[in-house]
Amino acid sequence: MSALPLPLHGVRVVDASQFVAGPYAARCLAALGAEVIKVERPPTGELGRMMPYSVRGQSGYYLQQNMGKKGLCVDLKEPRGCELVKRLAARSDVLVENFRPGVLDRLGLGYGDLESLNPGLVYCSISAYGRMGPDAAKPGFGILAEAQSGVMSLVGLPGEKPPVLRLAVADGLTGAHAVAAVCAALYGRQATGRGRHIDLALFDCMVALHDFGIQHYTLSGGRDIATRSGYDVREATPYGVFEARDGYLVICAHMPDTWRAMARLMGGEALSADSRFHDAPGRNAHRDEILERIEAWTMAQESVTECLRRLDEAGVPAAPVQTVDQVVADPQVKERGLLVEHEHPVVGKTELPGVPIRFAGGPLALGRAPLLGEHNRQIARELGYAEPDIAALERDGVLRSEPATSTER
């Protein structure tokens, strides 16, 4: 049986975004089979190219978030550059952008402008706070959404300032929602022939992420305000991080069956039969005693590995707290193909996280990120520009590229 084509084969996406949320969404669409054209501003391209870690002037941050895209570097402040992008949008299915609300409208590249040229265009706008509300005009980054949404207030130790999450949680979550919204809009377009304007905000996605804090507050009439609890979840005992002799592990024994298994492992049938711990309210009420018992047990084992072996045999969900080097070497990571290798024309071999989507019957399209302006000439030709016109755009700086792309590819 031959492999099925990827679900977005034949879909063209214009990615006019930078940093993480928009680029992540667009690289997922590329992995699902879409042709994605990355639009960047001269002379240096999107600001993500400046982010560490860099090798030979190439940012790993950029290389990861822009896999599988074609590169177009065009000056949008120049009328001829705007005209080129308008032509591109008129022949595309999706546009993803994360400019501050109003910027593209002033350039004549807003949804109203492009929808009149291409009624079927799905136009996905990503911003910090969305296109309405008192904060709509504010610039923003993921860390601001994580803070203002209340999510950051739930992380860390009581009485201490909350830590930075060191992962692009707001951006990644918003990017994933963008993929879902774009695919839904493309599906709906089959019936109507018309695209849609999608308005996604990092702040909105973080507020929607709350899975207990807001419900505790609203359902308790404002009496229950969730706060930082440090190394475990107070409402789900035992569910948290525990220390062993050579590291840390997470144990999830908060459900009735897993608690009984954990209790038998630590104290035999006597502890398993202790009626104080038979339900969640009882375990939460005796949280300190349970946590002390578990950490005494984990510290009595030879290692994290031995803890995990015994917990696994008992049927108690658990996992090691791994460092990045351990994650890269994890057999599960390798078996699932979570890291993707590319041969980059400047950097050489790269190994970076891919897209966590799997379909039976064939792999995703996970090509490398483009050099700056790598596909300028190819894209301009496809849009009907003659060679003398392309040469003039390059000569006048409307189209730019890295020196490595100055020869025909």
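I began with helix α12 and looked up its buried residues (under 20% relative accessible area with a 1.4 Å probe, protein chains only), which are Arg287, Ile290, Leu291, Ile294, Trp297 and Thr298. Seen down the axis of α12, these buried residues fall within an arc of 130 degrees, taken from the directions from the helix axis to the C-beta atoms, so they line one face of the helix. On the other side of α12 I found Asp288 and Glu292 exposed (over 50%).

I note that this is a predicted model, in which local features need pLDDT of at least 70 and side-chain atom pairs count only at pLDDT 80 or more, while totals for chains, interfaces and linings use all residues. Residues are numbered from 1 along each chain as its sequence is written, and side-chain values use heavy atoms, with hydrogens and water left out.

Next I looked up what the buried residues of α12 pack against (contact means heavy atoms within 4.5 Å), and the partners are β9 (239-244), β10 (247-252), α10 (256-272), α11 (280-285) and α13 (304-314). These helices (H or I, at least four residues) and strands (E, at least two) are DSSP runs numbered from the N terminus.

I then checked the length of α12 (residues 287-300): its 14 residues should span 20 Å at 1.5 Å a residue, the expected span being 1.5 Å times one less than the number of residues, and the end C-alpha atoms are 20 Å apart, which agrees.

For the whole chain I recorded 17 helices and 13 strands, with buried residues making up 46% of the 409 residues. The C-alpha trace spans about 85 × 50 × 45 Å along its principal axes.
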